[in-house]
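Subject: The structure I promised you

Hi,

Here is the structure I said I would send over. Have a look at it first, and then read my notes below.

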Amino acid sequence: MAGFYYPRTASGKSAILPPVPWHYSGELITLEYRTDVDAVRALLPDGVELADEDPGAVAAIWADWQSCSDDFNEVLDPVRCQYKEMFIVIRCQWRGQTYSRCAFIWVDKEFAIIRGQHQGYPKKLGSIQMSRPVYIGKAGPRLAPGGKFGATLAAFDRRLATARFTIREEADSPGFVNSHPMLHNRWYPAIETDGTDSLSEIVTMSGFDAELGRCFTGDFDLEYFDSPVEELTSIAPRELIAGYWHEIGVSWKAGTTLSRHSLPDID
């Protein structure tokens, strides 16, 4: 059987994910704010602690991506490479090192969901929209002071988040919350469904060949809404830090397992 992921076949052609490395190019809106520290603590699993500095800092990030594998075939079949996502990043500490951690994330394509499960991102299906910059005409914001962007997130027919961002000036970098290697958990419940996990790992990862493009900072507002199956309102903003519109390109091949809980062998 061949193929990076399900379904594996003799040829591997049907696999939902292509082999690594994966390459990403995207435009992002990153909105950094502070929330209640206890609310951030509640999102950390056992053994993972709050960051020493600014433990209540959060980044709400909208991203419009193109991604592809090393043969770049997906670029010529855009439905297989284009997707959007919205994710919430907090910071944490594990064994004395500071990490960024994705606490919640929504995407709009199945391959992005499965890819996130492999990497430890807790991806769910959602509807993500964000304003595109324009370079001619009036039907969009310009990448210049005064340019105004909107962004929304919805899932299960309910609006979960809405944001507005206005460019003030150019910036050197898009903030600090999402600037560390990622620390994620990979969990998979045992088929016995007895409360144990057949897979339980703490992993870290970062990309390579990263390129930072244009970056602008500015002012923003952000609002989360109630849902019977979401918890965004628990980390609602208490203090706004800064917003950013920025471009990034990065590639990813592999992460590192920091801790693995192994189940006993079954006879």
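How many of the ten residues of helix α2 (residues 110–119) are buried? Seven of them are, so α2 is largely enclosed by the rest of the structure. "Buried" here means under 20% relative accessible area, "exposed" means over 50%, and "partly exposed" is in between (1.4 Å probe, protein chains only). The buried ones in α2 are F111, A112, I113, I114, R115, G116 and Q119. Right after α2 comes G120, which has a positive phi, near 95°.

Before you go further, some ground rules. This is a predicted model, where local features need pLDDT of at least 70 and side-chain atom pairs count only at pLDDT 80 or more, while totals for chains, interfaces and linings use all residues. Residues are numbered from 1 along each chain as its sequence is written, and side-chain values use heavy atoms, with hydrogens and water left out.

The overall picture

The protein chain has two helices and 14 strands. Helices (H or I, at least four residues) and strands (E, at least two) are DSSP runs, numbered from the N terminus. The radius of gyration is 19 Å, close to the 18 Å that the globule rule gives for 267 residues, so the chain is as compact as a globular protein of that length. That radius is taken over C-alpha atoms, and the globule rule is 2.2 Å times the number of residues to the power 0.38. Along the principal axes, the C-alpha atoms fill a box of roughly 65 × 45 × 35 Å. Of the 267 residues, 45% are buried.

For a sense of distance, try F104, which is in strand β5 (residues 97–107). F104 counts as buried, at 15% relative accessibility. Its C-alpha atom is 17 Å from that of T204, and the two residues are 100 apart along the chain.

Rings

There are ten aromatic pairs in the structure. Rings of Phe, Tyr and Trp (its six-membered ring) pair if their centres lie within 6.5 Å; planes under 30 degrees apart count as stacked, over 60 as edge-to-face and the rest as tilted. One of the pairs is F4 with W22, edge-to-face, at 5.4 Å centre to centre and 80° between the planes. F4 lies in the segment before β1 (22–34) and W22 in strand β1, so this pair ties together parts that are 18 residues apart in sequence. F4 is partly exposed at 25% relative accessible area, whereas W22 is buried at 0%. Elsewhere, ring pairs link F149, F165, F216 and W245 into a cluster.

W22 has another partner too: R115 lies over its face, 5.5 Å from the ring centre. That R115 is one of the buried residues of α2. In the same spirit, the charged end of K123 sits over the ring of Y121, 5.6 Å from its centre. A charge counts as over a ring if NZ of Lys or CZ of Arg is within 6 Å of the ring centre and within 35 degrees of the ring normal.

Salt bridges

Side chains of opposite charge can pair when their charged atoms come close. A salt bridge is a side-chain nitrogen of Lys or Arg within 4 Å of a carboxyl oxygen of Asp or Glu. How many salt bridges does a search of the whole structure find? It finds eleven.

One of them joins E201 and R260, with the closest N and O atoms 2.8 Å apart. E201 is in strand β11 (residues 197–205) and R260 in strand β14 (residues 255–260), so the pair ties together parts 59 residues apart in sequence. E201 is buried, at 4% relative accessible area, while R260 is exposed, at 52%.

Then look at E247 and R214, whose closest N and O atoms are 2.6 Å apart in a salt bridge. This pair links distant parts of the chain, with E247 in strand β13 (residues 239–252) and R214 in strand β12 (residues 208–224), 33 residues apart. E247 is buried, at 18%, and R214 is partly exposed, at 37%.

Finally, R34, D54 and E239 are linked in a network of salt bridges.

Cheers
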